[in-house]
Amino acid sequence: VYNPYVFDTSDNDFSIVGKIVVSRPNASESTWVVGTVHQINWTPTGNFSNVIIEGSRNGFVDESQNYTINVSVPAGVSGVLQTYNWTIGDYISDTTRIRVSDKDRPSLVYNVSPANFTLKGNLTVTAPNTNVTWYVNENQFIEWNAEGTVGNVDIDLYENGAWYADVINNTTTGTTGKGVGSYNWTIPDIKGENFTIRVSDNGDPNNVLDYSDVYFHIRPRINV
């Protein structure tokens, strides 16, 4: 029987807060590349104003490895999927995760992407990259661009799509491991019409690499 005079009140205050679920990146995301754009998705539950988006190089095991992607983004409407387009910065790691937090209560309302994924650098061969002819014993610059801290690279010569010879191993990319790299190559005594150059990350050669787009030629020089 209802009796309004029989009651009790909880002894302490408590808070009712919202909830965030990060749905992308997820377990199907394997690798994102520095300089490309990818979507971070989350769904808020409850009404709160803004969220903080952060990344971690080690899955948030060590907070000192965190970095801020955006310090204040509108949280969005409760129950509606939200999207943030992230241009990937130089945060190379094999154990990356993303965290989205309520800006006002970051220690209470947050969610972390469910699985580690990889952020890797990117290489682009810029020279030779046209239908040029290089001659035996002359010096020519092999050039490339590294997005993200790629570090030292290996340079290989290919003919008709097959490996032909090493040019140099473990050479530097600029002074910091990123940006523009170049190698002054003395052309050896070989000849052929369908050569390409491959530049690859010395530490991850099967995943971070690029080939020149167009065949170039190496020919002997005849001096009269």
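# A walk through an all-strand chain

Let's start at a single residue: His217 sits in strand E18, which covers residues 216-219. Keep in mind that you are looking at a predicted model. Is His217 buried or exposed? His217 is buried, because its relative accessible area is 12%, and the cut-off for buried is under 20%. Leaving aside residues up to four places away in sequence, His217 touches Asn131, Val132, Thr133, Trp134, Gly192 and Glu193.

Now zoom out to the whole chain. The secondary structure comes to 18 strands and 0 helices. The radius of gyration is 27 Å, well over the 17 Å that the globule rule gives for 224 residues, so the chain is more spread out than a compact globule. The box that holds the C-alpha atoms is roughly 115 × 30 × 25 Å along the principal axes. As for burial, 38% of the 224 residues count as buried. Take the contacts with a separation of 6 or more: 67% of them involve residues 24 or more positions apart.

Next, the sheets. One of them is an open sheet of 3 strands in the order E1-E3-E6, with antiparallel pairing. Its edge strands are E1 (19-24) and E6 (82-87), and each of these pairs on one side only. From one strand to the next, the twist averages 30 degrees. Within this sheet, E1 and E3 (residues 37-45) run antiparallel and pair over 5 bridges. If you want a spot to look at, Lys19 stands opposite Thr45 in E3.

Further along the chain there is an open sheet of 3 strands in the order E10-E12-E15, again with antiparallel pairing. Here the edge strands are E10 (122-127) and E15, each pairing on one side only. The twist in this sheet averages 25 degrees from one strand to the next. E10 is joined to E12 (residues 139-147) by 5 bridges, and the two run antiparallel. Asn122 has Glu147 in E12 as its bridge partner.

For a hairpin, look at E13 and E14. Strand E13 takes in residues 153-159 and strand E14 residues 162-171, and they pair in the antiparallel sense over 6 bridges. How many residues lie between the two strands of this hairpin? There are 2, and Asn160 in the turn has a positive phi of about 55 degrees. Tyr158 has Trp163 in E14 as its bridge partner.

Stay in E13 for a moment, since Ile155 is found there. Ile155 counts as buried because its relative accessibility is 0%. Its contacts, not counting residues up to four places away in sequence, include Ile142, Trp144, Val167, Ile168, Tyr183, Ile197 and Val199. Asp104 is another story: Ile155 and Asp104 are 51 residues apart in sequence, and their C-alpha atoms are 50 Å apart in space.

Finally, the aromatic rings. A search of the whole structure turns up 9 aromatic pairs. Trp32 and Phe117 form a tilted one, with 4.8 Å centre to centre and 55 degrees between the planes. Why does this pair tie together parts that are 85 residues apart in sequence? Because Trp32 lies in strand E2 (residues 31-33) and Phe117 in strand E9 (residues 117-120). Trp32 is buried, with a relative accessible area of 1%, and Phe117 is buried as well, at 2% relative accessibility.

Another pair joins Trp134 and Trp185, this time edge-to-face, at 6.3 Å centre to centre and 65 degrees between the planes. This pair also links distant parts of the chain: Trp134 is in strand E11 (residues 133-135) and Trp185 in strand E15 (residues 179-186), 51 residues apart. Both rings belong to buried residues: Trp134 has a relative accessible area of 6%, and Trp185 has 7%. Trp134 brings us back to where we began, as one of the residues that His217 touches.

Two more aromatic features are worth finding on screen. Trp32, Tyr67, Trp86, Tyr91 and Phe117 form one aromatic cluster, which takes in the tilted pair of Trp32 and Phe117 described above. Elsewhere, the charged end of Arg221 sits over the ring of Tyr135, 4.3 Å from its centre.

Note on methods:
Residues numbered from 1 in each chain as written. Predicted model: local features only at pLDDT ≥ 70, side-chain atom pairs only at ≥ 80, totals over all residues. Heavy atoms only, no water. Pairing = 2+ DSSP bridges. Helix = DSSP H or I, 4+ residues; strand = E, 2+ residues; numbered from the N terminus. Buried < 20%, exposed > 50% of the residue type's maximum accessible area, 1.4 Å probe, protein only. Contact = heavy atoms within 4.5 Å. Phe/Tyr/Trp six-rings, centres within 6.5 Å; stacked < 30°, edge-to-face > 60°. Lys NZ or Arg CZ within 6 Å of the ring centre and 35° of its normal. Axes fitted to C-alpha atoms, helices over the stretch in contact; angles between N-to-C directions. Rg over C-alpha atoms; globule rule 2.2 N^0.38 Å.
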